[in-house]
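Please open the structure in your viewer and follow the stops below in order, beginning with the surroundings of the ligand and ending at a single side chain.

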Amino acid sequence: MEDERRVAVIGSGPAGAAAARELIQHGIAVTMLEAGSSFPHGLLIRLGGRNMYRRVPPLQEEAGHLVSGDPKTQCFVKFAAGGLSNNWTGAVPRFAPEDFTEGERLHERFRWPITYSDLAPYYEKIERSLEITADPRDVPQLPAGYASYRNCIPDDWQDIERSANKRAQGFTTYPLADGPPNLVVRRGTAFNSYTSIVHPLLRSPHFRLETGAHAVQLLRSSSNGKVDAVLYHSRLTGKVERLKASAVVVACGPLGSAKLLHNSVCNDFPHGLGNSQGLLGRFLHDHPREWWSIQMDRPRSILSPSAYLTRLPHRTSRPLMATSWTLGAATLRDRIRSRFGLKGTEVGVQVLGTMVPSEACVAKPSATMKDDFGFPALDVCIRYSDAEVQNVVSSRQHLIDLLDDAGCSATLGEIVPTLFPGTAAHYGGTVRMHAKPQFGVLDAWNRVYDAPNVLVCDAACFTTACEKNPTLTVMAIAARAATRLAHDLKHA
Ligand SMILES: Cc1cc2nc3c(=O)[nH]c(=O)nc-3n(C[C@H](O)[C@H](O)[C@H](O)COP(=O)(O)OP(=O)(O)OC[C@H]3O[C@@H](n4cnc5c(N)ncnc54)[C@H](O)[C@@H]3O)c2cc1C
């Protein structure tokens with residue numbers, strides 16, 4: 001591998017890790033810059049396919065961002081090797097083919113430049129490294145992926161599946177990157193992008209990891225229009241260092257990536273790299289999320305692993321308006337009881353809804369506040385519309401009616417108030433992909449239109465949001481973009 005082709009990958013979360021592995025496998029040398037200094041330990045004990053004890057390291061709620069939309073907005077970050085995968089749950093549903101196209105019913109700006117078929121091979125490649133427990137059969141609105149461990153919903157829930165099917169919805173095991181059935185590890189999650197991907201890469205002489213390296217700016221040469229270096233603040237030296245690179249993969253998470261491009265002003269792009277159309281940071285979206293419990297009139301098997309009720313069909317739904325339901329053990333006590341085949345009447349339900357991305361929701365540089373490195377702080381301005389809130393609230397009655405149709409009478413229990421931005425830690429859209437630069441910052445291969453040797457590979461690139469958890473799709477997109485980058489560098 002030649003050093004002139006060395007790529008800087010910024011961030012060691014799932015997106016950066018997936019891109020770095022692909023580059024190394026294709027013969028491209030990589031230096032990864034990670035702002036966090038260490039790998040935070042936790043503890044996970046799994047027995048018989050159930051998580052018995054899980055201690056995750058604390059999340060940082062304060063990313064140093066300002067909040068100017070909904071004042072309750074949360075911005076979780078994890079400046080650590082492995083990023084938020086130190087804390088995640090590991091739900092890894094694939095997007096459905098229609099998730100990439102349904103937005104065009106509203107407007108051309110909501111059409112992704114990639115299709116499900118483009119991603120399918122990368123979905124499978126990523127799934128093979130995630131050690132997923134799932135039911136390997138397609139259900140409506142949820143294509144099956146590769147499952148290392150198989151699980152089907154219990155027999156005494158089959159009537160609910162039939163009731164869901166009558167509404168053209170699927171009811172299946174929630175695909176979870178939960179690892180092998182029995183596991184005791186000193187981390188909070190079975191899959192972590194640092195231990196599972198980045199750490200093994202350290203065996204390659206062509207891979208370097210710089211921790212405590214906070215990227216603050218990308219430097220673009222005005223002579224050839226390429227970004228040729230990254231400035232980063234090194235905790236080791238206490239100084240701003242410069243890393244030369246032939247290309248840069250930005251994977252700081254959807255808020256961090258937008259911030260880095262906003263910081264990267266130059267003569268040609270005084271409003272930030274990638275911002276020539278004024279789109280950088282706009283179309284910020286999230287998953288409006290609710291958690292509640294239901295009480296059933298008779299006991300059924302405790303759902304552990306959880307079950308997943310898929311969204312209503314695209315053709316009968318308003319474009320970009322959907323919810324998914326995850327049904328599982330409501331308490332730790334029930335999780336332990338499930339281990340002994342005991343039944344229960346209480347079910348915990350998590351609902352993920354959608355937003356129609358809009359220019360009004362934006363992650364922009366603050367006019368008044370600076371960050372620790374002297375750059376403008378990020379102002380996160382997001383608020384759910386009444387329709388988006390109502391979409392999630394109405395999902396309660398939908399589930400109760402669906403259960404009722406199956407002869408199961410259920411009542412709503414506790415509702416945990418989480419209907420404000422950031423609680424799902426699923427932001428996206430700030431550096432969106434689109435086939436036309438008038439609607440997107442990135443092209444179909446995640447390349448910044450204004451600086452094509454810079455790729456943004458986390459959920460910042462999402463053109464629209466769907467009701468499914470983002471990380472599997474983020475990793476598949478990152479792997480696809482990195483494969484193309486490797487090809488281009490080798491044939492340049
Ligand atoms: C409690 C919880 C549960 C979750 N559950 C799920 C789930 O079940 N399924 C799912 O799909 N998703 C889930 N998520 C979300 C998931 O964790 C994220 O989607 C995923 O981690 C995003 O990966 P990423 O690489 O884009 O970003 P991150 O994981 O945020 O990683 C970004 C990395 O970049 C580094 N970084 C940031 N800025 C800089 C900089 N300027 N210079 C250098 N390094 C930088 C950070 O330190 C970090 O390591 C959950 C999140 C939380 C908090």
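Select the shell around the ligand in this predicted model, and colour it by residue class: 17 of its residues are nonpolar, 13 are polar and three are charged. Of the 33 residues around the ligand, label those that come nearest, which are Glu34, Leu84, Ala91, Ala215 and Thr471.

Next, show the N and O atoms and look for the polar approaches to the ligand. At proline 14, a backbone N or O atom lies 3.1 Å from a ligand oxygen atom, and at proline 470 a backbone N or O atom lies 3.5 Å from an oxygen atom of the ligand. Histidine 214 takes part through its side chain, where an N or O atom is 3.3 Å from a nitrogen atom of the ligand. If you then turn on the surface, the protein covers 90% of the 1,000 Å² of accessible area that the ligand has on its own.

Switch to the cartoon view and select helix 1 (14–25), strand 2 (30–34) and strand 11 (213–220), the elements that each give two or more residues to the shell; strand 11 gives the most, with three residues.

For the last stop, go to asparagine 86, in the loop between strand 5 (66–67) and helix 2 (116–127). Is asparagine 86 buried or exposed? It counts as buried, because its relative accessibility is 2%, under the 20% cut-off. A polar atom of the asparagine 86 side chain lies 2.8 Å from the backbone oxygen of glycine 83, and a polar contact of 2.7 Å joins this side chain to that of asparagine 192. Beyond its neighbours within four places in sequence, asparagine 86 is in contact with residues including Phe39, Pro40, Val56 and Lys78.

Technical notes: Residues are numbered from 1 along each chain as its sequence is written. This is a predicted model: local features need pLDDT of at least 70, side-chain atom pairs count only at pLDDT 80 or more; totals for chains, interfaces and linings use all residues. Side-chain values use heavy atoms; hydrogens and water are left out. A residue is near a molecule or strand if one of its heavy atoms lies within 4 Å of it. A polar contact is a pair of N or O atoms within 3.5 Å; within protein, one must be able to donate a hydrogen and the other to accept it, and residues adjacent in sequence count only if both atoms are side-chain atoms. Accessible areas come from the Shrake-Rupley method with a 1.4 Å probe; for residues, only the protein chains shown count as cover. Helices (H or I, at least four residues) and strands (E, at least two) are DSSP runs, numbered from the N terminus. Ala, Val, Leu, Ile, Met, Phe, Trp, Tyr, Cys and Pro count as nonpolar, Asp, Glu, Lys and Arg as charged, and the others, Gly among them, as polar. Buried means under 20% relative accessible area, exposed over 50%, partly exposed in between (1.4 Å probe, protein chains only). Contact means heavy atoms within 4.5 Å.
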